[in-house]
Amino acid sequence: MTAIDRPRAQVRRRRSPLTWLRGGGLSTLVFLLPMLLIFGVFSWWPILRSVVMSFQHTNLVSPPTWVGWDNFVQVVNDPLFWTAVGNTAWFALLALILGYPVPLVAAVLMSEVKRAKGLYSALAYLPVVVPPVVAVLLWKFFYDARPTGVFNTILGWVGIPPQPWIQDAAQAMPSLVVEATWAAAGGTIIIYLAAITGVAPELYDAAEVDGAGIWRKIWHVTLPQLRSVLLITLILQIIGTAQVFLEPFLFTGGGPVDSTVTILLLIYRYAFQNSLGGDYGAATALSLILAAFLAVLSLVYFRLTKSWSQS
């Protein structure tokens, strides 16, 4: 054994089970065991159960029967499947265009405020405190298509005719995105504000010495320093919008004419489409398809942005 190999052998001996026990590994395991059990029962067991159910035909009432890949074939061949995929992608795109830059712009502007910054932060976070169901019902009242509706009354003040809002197939999805952006932007604003406070003041001082104005400081100092945070919030938003359910379910129920049927709403219909229990096999099959797509998308995303986020 050479001098180089001897330390490696010693390292291997240090990692033996006996050394692990002497180092407090057993007590660590005892403390972790409740958390591992809870996590396994409430997280991993439902996932494993769903994988099994995706290959069964079951409504949780009658005995299940194994059908193999038939549930996946049924889901993909369902005409509503591609409608739901398109609607979900449309929601995600609109949310990316509207909901992604709005919190960033708001956070940057609030970071430049010298007075009452805490008040603005509280007002920005206030929509997050409102229960989601209450927020949707409130906005549903605002979206009243009658001329006396709240938003239509405001539009009438500037001479714009009443709009159908969620009662129109073309306007329903953008209306849902506006409400979803209002409801969720506050949390992202707080994240951006916290990240901005971590930017070294010396960078702004150097930019001022070079004659940079506020917009050049934001473009050349603030945004590059927030690069890793922006990448994380982007993928989180994509994952979140791909799983949108509450807004289409409470606002329109998937209408009008299936223009707001999303993937999760279709899963809900499979599972709870009748009082005797729905087709849980098809519901779990579609859930696994969505989970697999998001997992692959996240993996590709992080691979493509790894070097850029660390540069």
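Where is tryptophan 165 found?

1. Tryptophan 165 is found in the loop between helix H9 (150-157) and helix H10 (169-197) of what is, it should be said at the outset, a predicted model. The phi angle of tryptophan 165 is near 55°, which is a positive value in a residue other than glycine, and at 17% relative accessibility tryptophan 165 counts as buried, because the cut-off for that class is under 20%. As background to this point and the next, most residues other than glycine have a negative phi, and most peptide bonds are trans.

2. The loop between H14 and H15 deserves a look with the backbone angles in mind, since proline 256 lies there and the peptide bond that runs from glycine 255 to proline 256 is cis, with omega near -10°. Valine 257 lies in the loop between H14 and H15 as well, and its phi is near 45°, again a positive value in a residue other than glycine. As to cover by the protein, valine 257 counts as exposed, at 73% relative accessibility, whereas tryptophan 165 counts as buried.

3. Aspartate 258 is in the loop between helix H14 (246-251) and H15, and its partner arginine 269 is in helix H15 (residues 263-272). The two form a salt bridge in which the closest N and O atoms are 3.8 Å apart, and this pair links distant parts of the chain, its members being eleven residues apart. With a relative accessible area of 31%, aspartate 258 is partly exposed, and arginine 269, at 26% relative accessibility, also counts as partly exposed. For a reader who checks the distance by hand, the pair qualifies because the cut-off for a salt bridge is within 4 Å.

4. A search of the whole structure finds two salt bridges, and the other entry to examine is the one in which the side chains of aspartate 144 and arginine 146 meet, at 2.6 Å from N to O. In general, side chains of opposite charge can pair when their charged atoms come close. Here aspartate 144 is buried, with a relative accessible area of 17%, while arginine 146 is exposed, with a relative accessible area of 53%.

5. What volume of space lies in the largest pocket? The figure is about 590 Å³, and of the 30 residues that line this pocket, the closest to its centre are Ala180, Thr181, Ala183, Ala184 and Ala185. The lining divides into 20 nonpolar, eight polar and two charged residues.

6. As for the elements around the largest pocket, helix H5 (79-99), helix H7 (117-129), helix H8 (132-142), H10, helix H13 (227-242) and H14 each supply at least two residues of its lining. Among these helices, H10 gives the most, with ten residues.

7. Helix H7, which supplies at least two residues of the pocket lining, should also be considered from the side of the protein surface, where a nonpolar patch of about 710 Å² is made by Leu119, Tyr120, Leu123, Tyr125, Leu126, Val128, Val129 and Ile190. The largest share of the nonpolar patch, seven residues, comes from H7, and leucine 119 has its place in that helix.

Notes. Residues numbered from 1 in each chain as written. Predicted model: local features only at pLDDT ≥ 70, side-chain atom pairs only at ≥ 80, totals over all residues. Heavy atoms only, no water. Buried < 20%, exposed > 50% of the residue type's maximum accessible area, 1.4 Å probe, protein only. Helix = DSSP H or I, 4+ residues; strand = E, 2+ residues; numbered from the N terminus. 1 Å grid on protein atoms, 1.4 Å probe; cavity = no way out; pocket = protein on both sides within 12 Å on 5 of 7 lines; lining within 4 Å. Points joined across faces, edges and corners; volume = space filled by probe spheres on them. Nonpolar A, V, L, I, M, F, W, Y, C, P; charged D, E, K, R; others polar. Patch = residues over 30% accessible without salt bridge, like charges linked within 9 Å, V, L, I, M, F, W, Y side chains within 5 Å. Areas by Shrake-Rupley, 256 points an atom, 1.4 Å probe, with all protein chains shown as cover.
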